[in-house]
Amino acid sequence: MKTTIYKRTYTMGEAVLELGASTKIMGILNVTPDSFSDGGRYVDPDQAVRHALQMVQDGADLIDIGGESTRPGYEPISAEEELRRVIPVIEAIHRAAPHIPISVDTYKAEVARQAIQAGAHIMNDIWGGKKDPDMLKAAAEFGCPIILMHNRKDMNYGDFTADVVHDLEESVEMALKAGVDSKQIILDPGVGFAKNGPENLRIMTQLDRLVGIGYPVLLATSRKKFIRAALDLPVDDIVEGTAATVAFGIAQGCQIVRVHDVKQIKRTVTMSDAMLYAGADLTRVRL
C-alpha cells in the first residue's frame, strides 16, 4: 500500500501544528447540554478547561471546542447562545495553554470570527462552507486553517464515493474562490453525516481516495453509531472499535484523528505511526 502524507506547518501565534511526521490527535470538548455521548459534562467553563488540559496531558495535540450538538435530529441554536457557550472556554484554555492549537466546531461565520478573536486558531465547519458562505470569507480574512467536512442535505447518491469526492472538491473550489490559501485547507469525510451505516463503512474503505484530492484529511469516527452497531455495544464501551477505525484511517493517509478517548487512542496512534512511518512506500508531499 502506498500512503500519501502531506507536509504542513501551521504557525498560529504561540501554537504550532506540524503535519508530516506523525498523526495528530484532536481532543473533543463539547460544551453542550445535549451531545450524543458526553452532553452536559463540560458545560461549566472551569470543568471544561480542566478536561481540555487533561486531554493535552493524555496526548492531544489540539482541542476542538463545540457549542452546538450536531447529533442526528439536533435542534439548531442561535449564534448568540453558541457564543455564550464557547467563548469563555476558548479564552480560558488560551490563557492556560497558549501553545495548544484550538479549533472551533461551528458552521456559523460570526461564531467562527469571534472564536478566532478570543484565541481559537482553526475553523472546523461540518457543512464544508456550504451552510454559511461567510465562513469561507472569514477563514480567508483571518488566514487560518479551515476543516471542510463532507455533508449534504440529502442522501440521494449516484456513485457514492465519487459523489463524496465531488462534494468535497466543490467545497475546496468555493474556499479557493473566497480567497482561502490552499495550504490552509483540511478535509474531513464526514463519517456519520448524510450517510447510512453501510455507507459509513464504505467511505472508511475509500479514505485514500479522499487523501488523493490533494489535502490533509482529518478522520472523526469517535463513538459513532456505525461502530456501536457493528459491535452491538453502548456508546461508552466502544473505544476498541474507535481505535480500529483510527488505525485503518491512518494506514490510508489520514493525518489528524478527532477523538473523545485521548489516552487510549494515543497508544493506537503511536503504534500505527511506528508501522506507517517505517514503510518504504510512504510518499511525503509538500505543497
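This is a dialogue on how to read helix packing, an aromatic pair, backbone angles and burial in a predicted model.

Reader: Let us begin with helix packing; at what angle do α1 and α2 pack, and how far apart are their axes?

Author: The general idea is to fit a line to each helix and to take the angle between the two N-to-C directions. In this model helix α1, residues 45–58, and helix α2, residues 79–96, pack at an angle of about 45 degrees, with their axes 9 Å apart. Since angles from 35 to 65 degrees fall outside both the roughly parallel and the roughly perpendicular ranges, α1 and α2 are therefore oblique to each other. The crossing of α1 with α2 is right-handed.

Reader: Which residues of α1 and α2 meet?

Author: On the α1 side they are P45, A48, V49, A52 and L53, and on the α2 side P88, V89, A92, I93 and A96. When the residues of this contact are sorted by character, 10 are nonpolar, with no polar and no charged ones.

Reader: How should I read the packing of α9 and α10, and at what angle do they pack?

Author: The same reading applies to α9 and helix α10, the latter spanning residues 262–276: the angle is about 25 degrees and the axes are 9 Å apart. Because angles under 35 degrees count as roughly parallel, α9 is roughly parallel to α10. The crossing of α9 and α10 is right-handed. Here V239, T242, A243, V246, A247, I250 and A251 of α9 meet Q264, I265, T268, V269, S272, D273 and L276 of α10, and the residues of the contact divide into nine nonpolar, four polar and one charged.

Reader: What is the angle between α5 and α6?

Author: Those two helices pack at about 70 degrees, with their axes 10 Å apart. Because the range from 65 to 115 degrees counts as roughly perpendicular, α5 is roughly perpendicular to α6. The contact is made by F160, T161 and V164 of α5 together with E199, R202 and I203 of α6, a set that divides into three nonpolar, one polar and two charged residues.

Reader: Turning to aromatic rings, how many aromatic pairs does the structure hold?

Author: A pair of aromatic rings is described by the distance of the centres and the angle of the planes. The structure holds one such pair. Y157 and F160 form this pair, with 4.9 Å from centre to centre and 80 degrees between the planes, an arrangement that is edge-to-face. As for the surroundings of these two side chains, Y157 is buried, and F160 is buried as well.

Reader: Which residues is D163 in contact with, if its neighbours within four places in sequence are left aside?

Author: The general idea is to set aside sequence neighbours, and what remains for D163 is R152, Y157 and G158. D163 belongs to helix α5, residues 160–177. A separation along the chain can be read beside a separation in space: D163 and T205 are 42 residues apart along the chain, and their C-alpha atoms are separated by 15 Å. For another such pair, K7 and V86 are 79 residues apart along the chain, and their C-alpha atoms are separated by 30 Å.

Reader: Where is K7 found, and what is its relative accessibility?

Author: K7 lies in strand β1, residues 3–12. Its relative accessibility is 30%, and K7 therefore counts as partly exposed, the category between the limits of 20% and 50%.

Reader: Is N200 buried or exposed, and what does it touch?

Author: N200 is buried, because its relative accessible area is 5%, which is under the 20% limit. N200 is found in helix α6, residues 197–204, and, not counting residues up to four places away in sequence, it touches V191, G192, K195 and F226.

Reader: What is the phi of A194, and what is the phi of D232?

Author: The feature to look for is a positive phi in a residue that is not a glycine. A194 has a positive phi of about 55 degrees although it is not a glycine, and D232 has a positive phi of about 55 degrees although it, too, is not a glycine. A194 sits in the loop between β8, residues 185–188, and α6, while D232 sits in the loop between α8, residues 225–231, and α9, residues 239–251.

Reader: Are A194 and D232 buried or exposed?

Author: A194 is buried, with a relative accessible area of 16%, whereas D232 is exposed, with a relative accessible area of 68%.

Definitions and conventions: Residues are numbered from 1 along each chain as its sequence is written. Side-chain values use heavy atoms; hydrogens and water are left out. Helices (H or I, at least four residues) and strands (E, at least two) are DSSP runs, numbered from the N terminus. Buried means under 20% relative accessible area, exposed over 50%, partly exposed in between (1.4 Å probe, protein chains only). Contact means heavy atoms within 4.5 Å. Axes are lines fitted to C-alpha atoms, for helices over the stretch in contact, and angles run from 0 to 180 degrees between N-to-C directions. Angles under 35 degrees count as roughly parallel, over 145 as roughly antiparallel, 65 to 115 as roughly perpendicular and the rest as oblique. A crossing is left-handed if the near helix is turned anticlockwise from the far one by less than a right angle, and right-handed if clockwise. Ala, Val, Leu, Ile, Met, Phe, Trp, Tyr, Cys and Pro count as nonpolar, Asp, Glu, Lys and Arg as charged, and the others, Gly among them, as polar. Rings of Phe, Tyr and Trp (its six-membered ring) pair if their centres lie within 6.5 Å; planes under 30 degrees apart count as stacked, over 60 as edge-to-face and the rest as tilted.
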